[in-house]
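Take a look at the structure below. Read the report alongside it, one part at a time.

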Amino acid sequence: MFAMTLHEFDFKLADYYGLLLFVGVVIGFAVILLSLSQIINPLKTTKVKESPYESGMDPIGDARQKFDVKFYIIAILFLVFDIELLFLYPWAVAAGGDHPAIPGGFGDIVFIEVLLFFASLLVAYIYAYRKGVFRWR
Amino acid sequence: MNITELVVVLVTIGIVFAGVMTFVGYGSLLERKISAWVQDRIGPNRVGFDLNQPILGLFKGFFGLGQPLADGVKFFLKEEFIPKNVDKVFYFLAPAVALSTAMIAFAVVPFGSTSVVPPLVDNRIDLAVSQPNPNYQHRVYPRTHGELDKIRAANPFRSEILDQARNQNPNIELPKVAGFDLGRSEVRFGIAPHLDIGVLFVFAVSSLAVYGVVLAGWSSNSKYSLFGALRASAQLISYEIPMGMSILVVVFMVGSLNLQAIVEFQARHTWFIVYQPLGCLLFLTAIFAECNRLPFDLPECEQELVGGYHTEYSSMKFACFMMGEYTHMVTTSFLLVAMFFGGWNIPFLVTQDFPGGALGWGAKLVVFCGKMVAVIAFFMLVRWSLLRFRFDQLMGLAWKGLMTLGILNTVGAVVILQTRPLGELSLWLLPAWSVIALLAVTGYSMTRPKAPNRFRTGIKRVDQRLPSHQELVGNRV
């Protein structure tokens with residue numbers, strides 16, 4: 001259907017050296033920036049300045065309080081869906097395009113399997129929906 | 001990696017750093033200017049370059065162009081006090097994480113025309129017999145001078161191409177400019193532009209930004225910070241799923257995660273916003289949330305949480321969060337442009353056949369960056385156009401609205417692409433399906449009752465009509 005799509009399958013580790021170098025440079029930049037400002041700027045602390053901000057009042061109790069369990073549930077659901085999604089990328093890369101990596105794009109059997117995979121995702125989604133996880137009260 | 005490549009990479013890193021940091025500074029100025037214009041104010045117009053110089057002196061007070069520099073100096077010189085009960089290690093770590101994850105994600109983003117080069121010999125492996133497929137062997141580039149010219153125009157400075165060309169066909173004259181072998185140098189617009197994991201890398205690294213926010217909130221030992229961090233973490237992870245889902249069809253159509261390959265595909269065919277309008281909408285919404293921009297800026301909404309997770313941060317540490325946020329905006333805007341708006345490509349004007357050489361790269365660079373700036377200006381206009389969501393609306397939008405839309409869009413488009421019911425025309429089923437899915441989900445959501453009543457905590461949903469203003473107030477007047 002499409003005209004030519006080009007694939008480069010040769011993996012070259014040398015492509016990643018620049019990335020590694022960049023990571024080093026960025027981390028160095030952040031460290032230098034933070035430590036330099038720590039050295040340069042003046043530091044005069046008072047008792048009031050040191051206390052955590054609570055709208056000008058004296059802080060009441062510990063800041064690290066219990067929080068709602070809904071945040072945990074959202075995090076668990078995130079793990080489920082994000083990992084399911086991550087499994088779909090390799091398939092999309094290998095089977096997609098007009099000249100798929102595997103000639104014929106894995107064929108219909110694998111496609112049906114992927115649809116079943118989607119269905120499993122949908123089952124989890126509907127279950128969570130019906131359980132009222134997304135109803136944020 | 002030889003010394004030439006090292007120098008090339010270091011120079012690219014320097015250019016990227018300078019470019020991004022300049023844009024971060026002037027982006028904040030642009031934001032203040034746009035905010036001022038929207039509110040019919042003037043905005044910063046005092047700080048200019050008052051240097052009594054022939055060139056810079058012209059910019060004296062001009063549009064407040066000196067403001068970002070003044071801000072930067074101030075970030076260094078202002079006091080950076082540390083509250084008493086903070087967790088020191090994480091308190092220092094958080095801004096560094098926020099800044100560096102945002103910057104690292106930029107590594108694979110191309111910002112100019114870095115063409116995917118046609119393979120010289122198509123060495124696709126036939127899995128059935130585990131050896132190069134003889135059917136593909138005829139595609140040897142370049143066979144003629146015309147093909148070599150095409151490759152040269154697409155990517156004149158990639159050394160291995162020219163080396164391979166020399167190996168394939170010793171009779172071909174390799175290009176030389178002023179007696180200098182061009183094959184030995186390389187021009188690139190991107191730090192690691194040849195990575196095949198492109199989009200996935202950006203997603204992986206930018207989702208690490210959650211750690212910066214959570215560490216900041218937890219270590220600050222302030223209630224505002226903690227609540228801001230909680231909201232931020234829930235928001236960021238929730239919007240990552242629609243974000244990942246929105247580009248799945250794009251990846252499926254191109255068959256590659258490489259951003260250059262995606263741009264090249266759009267240059268040959270049509271922009272993906274035509275095929276995937278719904279995917280584009282989902283991605284746009286998700287990046288607004290991922291960048292903590294209004295209407296999704298609940299992690300740091302100043303009316304409720306003072307500053308959210310960076311309440312207790314001052315001076316340079318605060319600036320690190322700011323820079324991280326703006327860098328994230330730049331990265332995601334580049335992604336949006338590269339994946340849905342054709343990258344450096346403008347139909348009929350700047351196309352694949354646009355003249356190569358310095359003119360071609362310059363034009364493509366300007367087009368790419370111009371589109372990115374337009375997206376950022378859109379970010380800033382939306383800030384003053386839409387109201388902030390409530391938190392339950394925010395989570396509802398991600399998990400009920402965008403998630404459903406994403407699943408519908410992806411499954412429908414993949415089925416269309418695989419079965420192709422209308423032959424060549426079936427591509428046009430994709431936008432049609434997008435519109436149908438959007439209308440269906442919107443219509444269904446309109447039949448649902450309004451947001452849950454906060455004062456009734458019973459499990460049973462209460463379908464009640466809210467009293468009108470007339471009913472509430474009218475009788476008493």
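This report goes through each chain and then the contact between them.

## The model

The model is predicted. Keep that in mind with every value here.

## Chain A

Chain A has 137 residues. What is its secondary structure made of? Chain A comes to 4 helices and 0 strands. Along the sequence, the pattern reads α-α-α-α.

How much of chain A is buried? Buried residues make up 34% of chain A. The chain exposes about 8200 Å². Carbon and sulfur atoms supply 70% of that area.

Now consider contacts within chain A between residues at least 6 apart in sequence. Of these, 65% join residues at least 24 apart.

## Chain B

Chain B has 477 residues. Its secondary structure holds 18 helices and 4 strands. Buried residues make up 54% of chain B.

The exposed area of chain B is about 21500 Å². Carbon and sulfur atoms give 65% of that exposed area. Contacts within chain B can be sorted by sequence separation too. Take those between residues at least 6 apart in sequence: 73% of them join residues at least 24 apart.

## Where the chains meet

How many residues does each chain bring to the contact? Chain A brings 82 residues, and chain B brings 107 residues.

The area buried between chain A and chain B is about 8800 Å². Carbon and sulfur atoms give 71% of that buried area. What about charged and polar links? Between chain A and chain B, the count of salt bridges is 0. The count of residue pairs in polar contact is 7, with both residues at pLDDT 80 or more.

## The side of chain A that touches chain B

Which helices of chain A each supply at least two residues to the side that touches chain B? They are helix 1 (14-40), helix 2 (47-50), helix 3 (70-95) and helix 4 (107-130). Helix 1 of chain A gives the most, with 18 residues.

What kinds of residues make up this side of chain A? They divide into 53 nonpolar, 15 polar and 14 charged.

## In brief

Chain A has 4 helices and 0 strands. Chain B has 18 helices and 4 strands. Together they bury about 8800 Å² between them, with 0 salt bridges and 7 residue pairs in polar contact, both residues at pLDDT 80 or more. On the side of chain A that touches chain B, 53 residues are nonpolar.

Terms used. Residues numbered from 1 in each chain as written. Chains lettered and ligands numbered in written order. Predicted model: local features only at pLDDT ≥ 70, side-chain atom pairs only at ≥ 80, totals over all residues. Heavy atoms only, no water. Contact = heavy atoms within 4.5 Å. Buried area = accessible area lost by both parts, 1.4 Å probe. Salt bridge = Lys/Arg side-chain N within 4 Å of Asp/Glu carboxyl O. Polar contact = N/O pair within 3.5 Å; in protein donor to acceptor, adjacent residues only side chain to side chain. Nonpolar A, V, L, I, M, F, W, Y, C, P; charged D, E, K, R; others polar. Buried < 20%, exposed > 50% of the residue type's maximum accessible area, 1.4 Å probe, protein only. Areas by Shrake-Rupley, 256 points an atom, 1.4 Å probe, with all protein chains shown as cover.
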